[in-house]
Structures are given as structure tokens and as C-alpha cells.
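Work through these exercises with the model open beside you. Try each task before you read its solution.

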Amino acid sequence: MEIIYKPMGSGVESLADEVDFKGATFIMPNRKWIARSKEVLSRSVGFLGVNFFTFDDLTEELAMARPRNLWRAAYVFRKCLEEGNGAFAPLRDMEKIRRLFQWCDDVKYLGLEEKDLPYSWRGDVRGLLSAYESAVESADCVTEGEVFKEAMAAEVDSERKYIFVGFTHYKERHRLLLEKLDAAAHVVVVSPFGEKKEPEAVALYQTVNGERAFRHIVKKTAAALAENPGAKIGVAMNKEEDRAAMKAHFALANIPAAGSAYVLGEDTLHQLRLLWRRGEDGPSACAFLRGDLAEVEDAHGLAAAIETLGVKDLSEMDESPLPYYLFPETKELLIRHKALLRTWKHDNEGSWGDFARRTEEAAEAFGEGLAKMIADALAEAEGDYGRITGREFESILCGFLEKEAAPGVDILSLDEAYGGDYDLLFVSSLDGGFIPAKKEDSLMNRAIAKSVMEVGLYVNFFQGEEMTDRLKYLLASSKKSLLYKVGDGEEARIFTEIKKNFPVEDLDKTGEVYEKNWDLIAEEGVFSEEAAEVLADELRKKGLSPSTIDGYLRCPFSYFADRVLKSAPEEEDGRPAMAKGSIYHEALALYFSGKLSKDDLENFVEAAYDEKLAPLKPDYLWAWEKKTMARALLAAIEAEEERLADEKKNGAFHPVAFETSFTYPFEDVEIHGIIDRVDRNEAGDEILIDYKSGGLPAYENVAAYKVMQLALYALARRHMGNRPASLEYVSVEKGNVSIMARDTTRAGKYSRLRNERKYDGEAFDEFLNEAEDALGHVLAAIKSGDFNEAPMDENVCTYCPHGDLCRKEAADVIG
């Protein structure tokens, strides 16, 4: 075996003077390596008579066979496990099933002993292997192990030259195949890691805000493509959810992502997805009803009725009677279609034939050409996959639908991007999780059964050095690289290493100002017309929340720094308060909706605290705060129950909705929010309640529209056709503290008897009408760039993070 060392980042072009390419077979880590090598050689010596293979390609050529029906076998494997009585019978996740199937394949064809395996399942090995054999036979499957066995038994042409390029580590099968080739033919191994080459054009960024990193990547990509439309740009992200989010951000900016597109069209596939998923939950059913395939009478009306009902699981409609406050026509519509919705829920899981039949019937709506394309894919994919969900049916069928290549920006995992030579490379996120840690990966939900915990899922420790080498190679082979560390956790070791030579720009401190820099007009204290129009466009696109509007009213300049300059750091002091509030909100919603008992309250607080608050607080506070929060919640619940039971105080109002969202279109801006709780009486009048952890705003500020959250809730509900009768802030930790604006005409006797302001019917309506006027003034001020009003009171300045920017402080010093 001949070994050649080349500098970091080298490709096949560096071998031209040392290796005769004529008749050679190159073995490379992935398709990216092969594509780059062909492009390079086509510009120089050419590659006529040269073969390019991955290890899988080479294995298939030697065996003269290729794997077949692997995914089909994996589904049958799951079915066999489900029918058995072993510890793995409840396992449904297909990625874990696939890994189990591959483990069985390795046991059979690599001849490994249990002690040598990455995992061992005590007591279940025989059942797993039996299910594996049944699945392979039933699915007419040719496994990777079987192909590898044939390749190892095949004869090797001794005159052939094999050149292995770019490998950092070899898997067991690859190592065995390499040894076989070396014993019979001329083998050259090229290691492009010999001479360390430090990257030159590198920029480092850090932010605690993932969205900020996405926007920064989009901005840099757009600038690069504007300068050179043919630039080769790659984004390397190891997490699948990050790659999906990156594609979405590029799509919003009209930047195409490379990949493959389905020939039948995204719109057709989208309509079919709605069909396959319509039984998952309430929102999925509503999306289908508003789509093109819903052959349901008054489909849009039914979707609106389901949304009014607020159910997430369609089975809730069978389990609970319809609320009394629904309009008669809404009730009639839901009752008339209850059986249909029950069928959809039932049909969310079924056999391949069930989903195929519904798909063929729906495909007729797309025309003869698309219907035939879908029918051909269904026929090719047909098989016994056991009990599958709509999403699993989708993943199987999409594997047989015709695709075509789509050019654009590469968005890949590091393994997929390895071997590329990009003009511009982005890598995110280089945090502590970029290289998977050596921790147990159990493959199983520990809550399934104690016996499963004892099965012994031993981890195959990941070799982080391989990923580090591949990243260093990518940086050396790319012309310019931008590296991002996202989040407030530890940074990856390689990020720490590289920042010794390159400065790190903190995106949270520098912010993201608009593409153009504008000056405030000193005489008027507002933005230029151009800048103001951009601000107005941003409001129209994104909308506002009630809390953001209150933030502007509290201090316009703080709003400017947060929302326009985007310079606010991640506030350590603010995060615990938000986490505590979310725990209180969730507990109260669960309790008053009957899903949490008083007996379970302490356990709920403890679990929620451990998840949300413990990482943000010193450990000596944990036990005390858990007890304090549970005690405060219990006191608040009992006080509320006492009031609800008191006819004089309650006035026949009862909780009907929790955490209910709304969109309130006002002029050309949408206000989005979530109302903590809605109480309603038989007449349909509503009490809107917002919980606060501790202190409450002063009522005079509510009355003066300096705090508008509750008024905006009421305007939104009124816009939706509901009748708000009372607005309340309620403190959880200060159980006797509340403030309230009450319409005595509609709310009647309902009262908390604390800081109450009474209105008759006309006065309450006028209060809301004036709130609309106040909202109009706020939006007009924001659109014009008017951020010069003084803070609502001096307390706002105490914990403000913008002291170094604040013009008020400067004015105080000058004055």
C-alpha cells in the first residue's frame, strides 16, 4: 500500500505529478468529493477512462449486486417487533427501527460477537434477529451486509489501481474491503491532512439568538450572490431542524436552495400532505378543509367552527359535550360533521392500502398526467408496511416520486459538505453540541418499562476527531469561511482554537441595522421618509404583540434600541422571570381545564422548575423556590375556586378557554397575542384575564392607555364577534391583588372587589373605542420613527440595558 500525504485542503489536482490517473479507480468519501474532482480534472488533464466511486459504489461493483427494499424491510421489521412480546414491541420511531435493523445486519454478516457490538440488548437479541430474518424474507430485501459479503468473496483485478482520497477514518466494512484490495491490487491512499494549513479568510460570529444568525447568513449570502451570481455557496449545519429553518429563511429571501424538486410540483404535493395528515389534530383538519381536496359541504365554515372550539385532538369532540356558548349554527355544523371528523382521526393510522386508496381518489383532481405519475409511484411502492401513519406513508411514497435537480445554495450536514471547495462557506453552530458528546443514546423511551432500562443500550462512542478533521479540511479548501457560535452554552473546541487567530464579532452587541444607514432629523426628532417607510413595511410584515406595544409605551427609546437597532443582549435577569411566568400560566391552565389535580400540583412544579428554571438559578435556591411557587399556586387556585363558587362575586361566569391565541387586524398592521384565560356566562359575555407572577400595573396607567395589553385583548375579542365584559390583571403570588375594569351592564354582579373601575355599557364601549384611537396613535408614532418620548416613569430606567445608548441620560447630564 502506497501512502501519500498532502497539505490540508488538497484535492486530486495535487496528485497529477505523482500518480498516473490512466485507468485508475478513485474511491472517495461522498458525492461532493466526486463532483469537485471531476470539475477540477475537466479543466486540466481530463478524466477519460477514470472511475469515481464511493465505498458503497465499489462494494456494489465487486458484488455485482446492490441493496434492495431496505426501507420496506425496516417497516416489516417494525411490524414483526410489534407483533412480538419483547421489550422493543412499543418502538415506533423509524430512525431507531432502521438502526436496530442495521445492527442485526452487522451481526449476521460481519460476524461480530456481542461484546464487540456498539449495543447489546440482553434477553432480546434472539427476538431481534428473528424479526430481522422475517423482514428480509417478506420484503424481498437485499441488505447492505449481504452485498458486502458478496463483495468480499469476489475476485479483484490485480492490474487495477485503486486510489483512496479524503478519508479521515475507516468504518469496519471499509477497513476490511481496503485490506482485501491491498492484498490483490495496487492501492494508493492519499491523506489530505499531512501538512496543516491554517485558513486565511475566516470571520467568526457569536449570538445567543439563533434567528439572528439565520438572518445574518441570509444577508451575507444575498450580498455574495449580488456580487457574483455564479458563486458556489455552502451552509454546513449538523442539525436537521437547523437545515430546514435555513431553507425557510432562504425561501423568504427568494434565494434558491440546492437539492431536488418533485416533478409533480410542490403545490400538488402540499395538497396531498394535507390529505394524509388531516386526522393528526385540529389545526391539520382545518388546513385540509381550506385546501383544494376537501369535498365537504361548507368546509371553510367547519374549519372556523373547529378553531372556535379550540380542540387540538379531534377525539376531544367525542369525549366532551359542545360548550353552551357556541352559536346554534356552529353547534349544528359540528354535530353534523362529528362522524366525519371521527373517521379522519381513526384514519390517521392504517395500512398502505388505506392511504393508497384515498390518494388515488384525490389524484383525479390534478388531471390525467399528474394522476398517472402518482399512480405509478403508488404501484412501485406498494407493500405490506404494517400499521403506518400519514407522515410515514408520505415518506415512503416520496421515495418513489420522480425528482429533478434544483440548483442553488448547498445546505448540508458537515459530512455531506466535506470535500467541497466553496467560494463562501457558512458553518453553524459551533457550540458544545456541534460534535456529539460521548453520552448514552438509549434508542428507547425510558418510561416504557423498567425492563427496557435493563436491556443495556450501550453507546458506540463517537470519534469527534473525524468531524474536526473534516471541518478543518473544508475551511482550508474554501475561499472564505464564516463560522457561527449560537446560544449561551459552551463553544466548540475548534471555535476556541480558531478564535486565537481571528476576532469574534458579537451580533447581539453590534445588532442588525437595516441595509441603509439613516440619520434622525434633529429638528423634528423623527426618521426620514425613506426610513419611516421601511419601518412601516416591517410592521406590516411582522405585526406586533400587545406586550411589544406596552414596551413602546413604557419607553419609546428602549423599543427603538430593541426592535430597530436590535441591540438588546440576552438578559440573564429577564429569563428567570419569563420561565417562572410560563410555569404559573401552564399550571393554572391545566388545573382549571381539569388536567391537573391539587395532589399533583407540587410534582408538576418540581418537574417544570427542573426543566425551565433550575438551569438559570443557583442550586441552593431550588428547594425553597419550588415550595414557594407550589404554595403560591395552591393559594391562587383555592382563592379562585372560592370566588367562582360565590354567586355574588362570580355572577355565573366560568372558565372556558386558556392560552387562546388571536390575530387582530388593525388598519394595515396585525396584532398577535395569547390570552391567558377567558371566562364566559350563558349570555356569551366574557371576562378576559391576564396572570402576572407578582406586581401589577397601576390602574391609572390602564385607564390612560399607557398599559394597553388588556384593552387590546378586548378589541381583538370584539373584532371576532365576542362580547368582552370585564378586563382583569390577577397576581399569582399576591393572591389578594388584582385590578379590573368592569362593564356593570354585561358583567352584572361579577367582581373581585379589588382596585375595581366600574363602567356602564356605553362607557365601557367608549373605553374600548378610545383604546382603538390610542392604538392608532402608537402605530403612527412607530411608523414615523418617533422614539423621543420620555419613559413612562423613572423606574423603567433602573434595569434598562441601553444606558450606553440612551439620549435621556445624555440629556440629564447636559441639563
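**Exercise 1. The largest cavity**

Which element gives the largest share of the lining of the largest cavity?

Solution. Keep in mind that this is a predicted model.

Step 1. Count the cavities. There is one cavity of 30 Å³ or more. About 60 Å³ of space lies in the largest cavity.

Step 2. List the lining. Leu-275, Trp-276, Arg-278, Gly-279, Trp-344, Asp-347, Asn-348, Phe-355, Arg-358 and Thr-359 line the largest cavity.

Step 3. Assign the residues to elements. Two or more lining residues come from each of α10 (266-277) and α16 (352-363). The largest share, three residues, comes from α16.

Step 4. Sort the lining by class. Four residues are nonpolar, three are polar and three are charged.

**Exercise 2. A covered helix**

Find out how many residues of helix α11 are buried, and what they pack against.

Solution. Step 1. Locate helix α11, which spans residues 282-289. Six of its eight residues are buried, so by the cut-off of under 20% relative accessible area the helix is mostly covered.

Step 2. Name the buried residues. They are Gly-282, Ser-284, Ala-285, Cys-286, Phe-288 and Leu-289.

Step 3. Look for the partners. The buried residues of α11 pack against α10, α12 (299-309) and α15 (338-346).

**Exercise 3. A six-stranded sheet**

Give the strand order of the open sheet, then place two helices on it.

Solution. Step 1. Read the order. The six strands run β12-β7-β13-β14-β6-β15, with parallel pairing.

Step 2. Find the edges. Strands β12 (410-412) and β15 (504-506) each pair on one side only. On average, neighbouring strands of this sheet are turned by 20° against each other, direction ignored.

Step 3. Check one pair. Strand β7 (residues 233-236) is joined to β12 by three bridges. Gly-234 has Asp-410 in β12 as its bridge partner.

Step 4. Add the helices. Helix α8 (residues 210-227) lies across β6 (202-207), β7, β13 (424-428) and β14 (481-486), at about 170° to β14. Helix α9 (residues 240-252) lies across β7 and β12, at about 160° to β12.

**Exercise 4. A hairpin**

In which sense do strands β16 and β17 pair, parallel or antiparallel?

Solution. Step 1. Recall the two options. Strands of a sheet pair through backbone hydrogen bonds, either parallel or antiparallel.

Step 2. Apply this here. Strands β16 (residues 654-666) and β17 (residues 669-680) pair in the antiparallel sense, over eleven bridges. His-654 has Arg-680 in β17 as its bridge partner.

Step 3. Inspect the turn. The hairpin has two residues between the strands. In this hairpin, Glu-667 takes a positive phi near 55°.

**Exercise 5. Two residues to classify**

Are Val-188 and Thr-54 buried or exposed?

Solution. Step 1. Place Val-188 in strand β5 (residues 186-195). Its relative accessible area is 1%, so Val-188 is buried.

Step 2. List its contacts, leaving aside neighbours within four places in sequence. Val-188 is in contact with Glu-2, Ile-4, Tyr-162, Ile-163 and Phe-164. Val-188 and Glu-2 are 186 residues apart in sequence, but 4.7 Å apart in space, C-alpha to C-alpha.

Step 3. Place Thr-54 in the loop between β3 (51-53) and α2 (55-63). Thr-54 has 10% relative accessibility, so Thr-54 counts as buried.

Step 4. List its contacts, again leaving aside neighbours within four places in sequence. Thr-54 is in contact with Ile-27, Met-28, Asn-30, Arg-31 and Ile-34.

How values were computed: Residues numbered from 1 in each chain as written. Predicted model: local features only at pLDDT ≥ 70, side-chain atom pairs only at ≥ 80, totals over all residues. Heavy atoms only, no water. 1 Å grid on protein atoms, 1.4 Å probe; cavity = no way out; pocket = protein on both sides within 12 Å on 5 of 7 lines; lining within 4 Å. Points joined across faces, edges and corners; volume = space filled by probe spheres on them. Helix = DSSP H or I, 4+ residues; strand = E, 2+ residues; numbered from the N terminus. Nonpolar A, V, L, I, M, F, W, Y, C, P; charged D, E, K, R; others polar. Buried < 20%, exposed > 50% of the residue type's maximum accessible area, 1.4 Å probe, protein only. Contact = heavy atoms within 4.5 Å. Pairing = 2+ DSSP bridges. Axes fitted to C-alpha atoms, helices over the stretch in contact; angles between N-to-C directions.
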